[in-house]
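Thank you all for coming; I would like to walk through one structure with you, slowly enough that everybody can follow it on the screen. Please have a look at it first.

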Amino acid sequence: MLKPLADRIVIKVIEDTEQTSGGIFIPDSAKEKPQKGEVVAVGAGKMNEKGEREPMDVKVGDTILYAKYAGTDIKIDGVEYKILSVKDALAIIE
């Protein structure tokens, strides 16, 4: 698996449903980029000016919303992941 460095996180992208509530299927070309994912790995945190690690705001298992075009997309064993900076995480979904 991946081990992110500093203030980066690895998320497993969560795809939205391919069907509307009215039963209409949405083709791939009309879908928006997903902006929701589950955190699967967290870096150690960024070093501050005192040489101490700053705590991370997210933890493994959190479901987050992230900035639309943030991060780097990768695919491992057919599963889509994204590596992004914790500052690109907008909110934790509870």
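Which pattern does the protein chain follow when it is read along the sequence? It reads β-β-β-β-β-β, and the chain has 6 strands and 0 helices, where strands (E, at least two residues) and helices (H or I, at least four residues) are DSSP runs numbered from the N terminus. Before going on, I should say that this is a predicted model, in which local features need pLDDT of at least 70 and side-chain atom pairs count only at pLDDT 80 or more, while totals for chains, interfaces and linings use all residues. Residues are numbered from 1 along each chain as its sequence is written, and side-chain values use heavy atoms, with hydrogens and water left out.

The 6 strands form an open sheet with antiparallel pairing, in the order β4-β5-β1-β2-β3-β6; two strands count as paired if DSSP finds at least two bridges between them. At the edges stand β4 (72-76) and β6 (89-93), and because each has a single partner strand, one side of each is left without a neighbour in the sheet.

To take one pair, β2 (residues 36-42) and β3 (residues 63-66) run antiparallel and are joined by 3 bridges, and Glu38 has Thr63 in β3 as its bridge partner.

Turning to the whole chain, 26% of its 94 residues are buried, meaning under 20% relative accessible area with a 1.4 Å probe, protein chains only. Of the contacts (heavy atoms within 4.5 Å) with a separation of 6 or more, 63% are between residues 24 or more positions apart.

Terms used: Buried < 20%, exposed > 50% of the residue type's maximum accessible area, 1.4 Å probe, protein only.
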